[in-house]
Amino acid sequence: MHAQTLSGGFETPPVDSAHAFRAVMEAMARPGQIKDISGAQPPAPLSAAAGSVLLTLCDTDTPIYLAGDADTDDVRAWLAFHTGAPLTGPSQAMFAVGRWEALVPLQGYQIGTSEYPDRSATLIVECTELTTSGANLSGPGIKSRAALSLPELDAFQSNRGLFPLGLDFIFTCGGQVAALPRSTIVSAPEGAMEVS
Amino acid sequence: MPYCVSVDAKALGQRSFGRESVPRNISALRQVTSQGICDGLPDGCFARTVTQVSQISSVVMEGICYDMYSCIGYGKVVEMKDAFDEKTERKTWMSLLSKAPAGRVATLLDAAMARPDFKWLRAPEIGSVMVQGRAGGTGAPFNIGEMTVTRCALTLPGGEVGHAYIQGRRKADAEAAALVDALMQGGAAGAVRTAVLEPLQAEQMIAKTARAQKAAATKVEFFTMARGED
């Protein structure tokens, strides 16, 4: 056990986690808006944003799935020390974190049940860049129009088809966070529609 | 009465504290599991270990504090029964530190040496844990009650990581205990052992003996024709 893998938690947990929670909540309430989030310095390859989200939302009751290269010994030790969250596979996970290529296919995750739609997984997608351009978003929390650089379209459209069940997504990049709840309708970017 | 913990009629001196051996005839009371304290345990293992029970609640609490450490050395989930006989050196000193009276560890440590520089991995924080018990070897678990715990983790410049879980709201004690835990893993282990752990152990022994003697003095001998011994 090395000290450097255990450092990088919230400096002042009550304040930092409240700020981080506010950022996640606002991002989730306004799909397509990018918020700043900080506080945690997780071991590589996790971004500061993903680490802050995990420290804020995860505890011993939320199994986490570490997808692909996010699954390192350092990340495991760090999460265990700071959150105590158990690690599982996709089918049991309440949260999954990793790059999009590592997280797909989405069929393996819990989408909730009709009685308890909240018993579904939230995917924390690590992105190389996060911009407010790309796929068009509409639905609750979006007044006129919004756009977000999504890794693909089909997966999010079929996820919307499961509503009120389905997965929620949090996109993280460096110190920024954006979100795509299951209620958001995703359509192709306008330029692409004109072409087709 | 499925959840009733029966009271042991033996003198206190024959009960066990912590993890030491227990006379066979109170085996029905041997198992108390501690649960709900797995948030942020040092190696991420679940604290589902067994402590031995005494009927005095404070002793149960101390036992739990102690046992929260029993998983540190393993780095994995500890099966309940396996936890009984395992006793690592680190567990021994963790037990001593968590059972020490308020301020005692800090006094001994400061008398022995200047405190080294350290960095907080987790600043001292106070929380409550639900302590679960089990009546009999096969009884259903039940909640004994909540207890207050102060915990912290720190690291020395050399990279040693020290943890502390202390009963009650005692941040300064948690800091001192974590420092001792970290120092015991480094080069100063011998000095710390002589200056802190051995006095603590001696004091604990004296307290335990005094208490046992007090209880033994209340033992009542009845005159009967046959005591069932012969």
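Q: Before we start, what does pLDDT stand for here in terms of confidence?
A: pLDDT is the predictor's confidence in each residue, on a scale from 0 to 100, and it matters here as this is a predicted model.

Q: OK, where in chain B does pLDDT stay under 50?
A: That stretch is residues 1–85 of chain B, for which the model nevertheless has 166 contacts beyond four places in sequence.

Q: Why not read those coordinates in detail?
A: Because predicted coordinates should not be read in detail where pLDDT is low.

Q: And what's the mean pLDDT of chain B?
A: The mean for chain B is 69, with 59% of its residues reaching 70 or more, while for the complex the predictor gives an ipTM of 0.73 and a pTM of 0.69.

Q: Switching to chain A, how many helices and strands are there?
A: Chain A has seven helices and nine strands, and of its 196 residues 43% count as buried. Among its contacts between residues at least 6 apart in sequence, 69% join residues at least 24 apart.

Q: Back to chain B: at what angle do H2 and H5 pack?
A: Helix H2(B), residues 89–99, and helix H5(B), residues 189–216, pack at about 65°, their axes being 10 Å apart, and the crossing is left-handed.

Q: Which residues make that contact?
A: From H2(B) there are B:Trp93, B:Leu96 and B:Lys99, and from H5(B) there are B:Leu197, B:Leu200, B:Gln201 and B:Gln204.

Q: How do they divide into nonpolar, polar and charged?
A: In the contact of H2(B) with H5(B), four residues are nonpolar, two are polar and one is charged.

Notes
Residues numbered from 1 in each chain as written. Chains lettered and ligands numbered in written order. Predicted model: local features only at pLDDT ≥ 70, side-chain atom pairs only at ≥ 80, totals over all residues. Contact = placed C-beta atoms within 7 Å. Helix = DSSP H or I, 4+ residues; strand = E, 2+ residues; numbered from the N terminus. Buried ≥ 20, exposed ≤ 12 C-beta atoms within 10 Å, placed from the backbone. Axes fitted to C-alpha atoms, helices over the stretch in contact; angles between N-to-C directions. Left-handed = near helix turned anticlockwise from the far one by under 90°. Nonpolar A, V, L, I, M, F, W, Y, C, P; charged D, E, K, R; others polar.
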